[in-house]
Structure formats: structure tokens, C-alpha cells
Amino acid sequence: MATIAVFNQKGGVGKTTTTLNIAAALAMLEKNPLAIDLDPQAHLTQSLGVDQSISNGISSFFRDERSLLDLVQYRPGLRVIPAHSDLSKIDALSGKKGSVASRLKEGLGENLAKDSSPIVIDCCPLLGILSLNAIISADRVLIPVSADFLSMQGVQKVVALLEILRVRYGKEFEFRILLTRFNARRKLSHSIYDTLRERYGEKVCDTRIMENVSLAESPAYGKDVFSHAPNSQGARDYYALTQELVDTGFFKNSPA
Ligand SMILES: Nc1ncnc2c1ncn2[C@@H]1O[C@H](COP(=O)(O)OP(=O)(O)O)[C@@H](O)[C@H]1O
Ligand SMILES: [Mg+2]
């Protein structure tokens, strides 16, 4: 089981778009992924067009100790655990106990330890108990950065957080940085890519996700980009990214 949290504290950088389309590409590669929506905005759930009733959301795992397996919904080639807006209450209900941050890790370990399929978690743009649960349960963090200055600052914050967690949990959190909404005609896009490469070297994905209207449109149809516009630049980019992450071992099972 390789678990990837898609996280950046900044909103609108392409976390949900990335989770949706990586999960869809992994499904095309017959990897039988599990996508988990851990954002109360439930954009991933809506984009996948799955049942969004309150009782089926991941909040009932946190609140009522429902088994994660009970919450899985099935789509062709792909499994989904959806979110509902009531997930926003979990932070307040959870208090400040450190153990609360490990709940998802324990739940995945109990239910899916023998499952070798990749898990991709869409995070909300806040560093609260939900995102901490995602990161602590994950072996790896994929940090999308849209090609603008403020979202690049967000990367520094995530990398600093992973260092704090490394010391606290005695475990390396591998990460990759993904440049999204890249516009080849804008100087800023190129200078942000160059700066990230200088600072983070190999941690920056070779594949960049171009600004592409099909990526923005497909959620409105409850579809990923491959079903909505298979020949689009967005479909090509997310397929290439997934292939790159598979080839470089980012989805390789980590030792239990
Ligand atoms: N490469 C892209 N090209 C065009 N629009 C994009 C691209 N990536 C994301 N978007 C759009 O930008 C907005 C924010 O993306 P989203 O994935 O929801 O970000 P986040 O989950 O980080 O808040 C959405 O409307 C989405 O459709
Ligand atoms: Mg989102």
C-alpha cells in the first residue's frame, strides 16, 4: 500500500484536479486506486459524481468509528471514499490530542494493510486535524504549486512541516512538487519552475501541468479529464505525470 497525500496549504493550486486525474490515470493503468476525499468542500466527491449523503462520508469514520471499508464506493477501475460538508466539524470535535492525528493511519492499517493498490488523498487547504491525518497516514506528499508567487511560498511551509513531522514521528516523508497551471508564454511560469528546480532539484516533477480548459470543465460533468476530453493537453499532462510518478517509484509499496 502506497499512500499519497496531495497537499498545499494554499487553495486553488490544483490539489483536487490532481487527485482526480491521477486516480483516473492509475485506474487506466489498472492499478485499482482508492481516492479519499478529505476536504469538507467535497469537490473531489462532486467531480467523481458519487453519492454524497452524510452517512456515507468519511466523517462517519472519524465521528462514529465506521469502518473505512463500509464507506468505499465503486467506479470503473477505481474506488472512492467520499466527503460531505459535515467533515468540517471534525476539527472542532477532535480536540487537541496528538493521537487524533493518527486515526486515518490506523484505520487504513486495519482495513487495507494487505491491499497493494495506491491510495490518493485529496486534502483541504488548511493545516488542521484532517490534513495532518492525511499526511501522517501517507508515505508521500505530492505538493501542487500553481505558477504564481504565493503558491510557491506554500511549498516552503509544507516542506518545513514535513521536517517537523520527521522529527516528531521518526519517519521520512518523501515529497514531490508538481507545477500546475503552467503557461509557456508567461515569463513568471518559467521563472517559478527554475526557482523550484534550484531549491528542490529532483523533487520537482519533470512533468508540468499546462493551463488547460478541459481540466477546468470536466468536474462540471462529474468526469475526469480522460473521460471528458481524452485528446486534450490536460489528459496528456496528467497521464505523463502519473507515468512519471509510477516510473520513479512514487507509488511503490512501502514496507509495512
Ligand atoms: N491546469 C489547469 N488548467 C486550468 N484550470 C485548472 C487547472 N488546474 C486547476 N484548474 C482549475 O482551478 C481551480 C482550482 O483547482 P482545484 O484543483 O480545485 O484546486 P485546489 O483543490 O487546490 O483548491 C478549479 O476551478 C480548477 O478547475
Ligand atoms: Mg480542492
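Contact here means heavy atoms within 4.5 Å. The structure is a predicted model, in which local features need pLDDT of at least 70 and side-chain atom pairs count only at pLDDT 80 or more, while totals for chains, interfaces and linings use all residues. Residues are numbered from 1 along each chain as its sequence is written, and side-chain values use heavy atoms, with hydrogens and water left out.

**Exercise 1.** Determine which residues Leu104 touches, and place Leu104 in the core and in its helix.

*Solution.* Begin with the contacts: leaving aside residues up to four places away in sequence, Leu104 touches Leu38, Ile58, Phe61, Phe62, Leu68, Ile121, Asn133, Ala134 and Ser137. Next, turn to the largest nonpolar core (buried Ala, Val, Leu, Ile, Met, Phe, Trp, Tyr and Cys residues joined through side-chain atoms within 4.5 Å), where Leu104 is among the residues that touch the most other members of the 51. Finally, in helix α6 (a DSSP run of H or I, at least four residues, numbered from the N terminus), the buried residues (under 20% relative accessible area, 1.4 Å probe, protein chains only) are Arg103, Leu104, Gly107, Leu108 and Leu112. They lie on the same side of α6 because they cover an arc of only 125° around the axis, taken from the directions from the helix axis to the C-beta atoms.

**Exercise 2.** Identify polar contacts (N or O atoms within 3.5 Å) of ligand 1.

*Solution.* Take the backbone first: an N or O atom of Val13 is 3.1 Å from a ligand 1 oxygen, and one of Asn212 is 2.9 Å from a ligand 1 nitrogen. Then add the side chain of Arg181, with an N or O atom 2.8 Å from an oxygen of ligand 1.

How values were computed: Chains are lettered from A and ligands numbered from 1 in the order in which they are written. Buried means under 20% relative accessible area, exposed over 50%, partly exposed in between (1.4 Å probe, protein chains only). A polar contact is a pair of N or O atoms within 3.5 Å; within protein, one must be able to donate a hydrogen and the other to accept it, and residues adjacent in sequence count only if both atoms are side-chain atoms. Helices (H or I, at least four residues) and strands (E, at least two) are DSSP runs, numbered from the N terminus.
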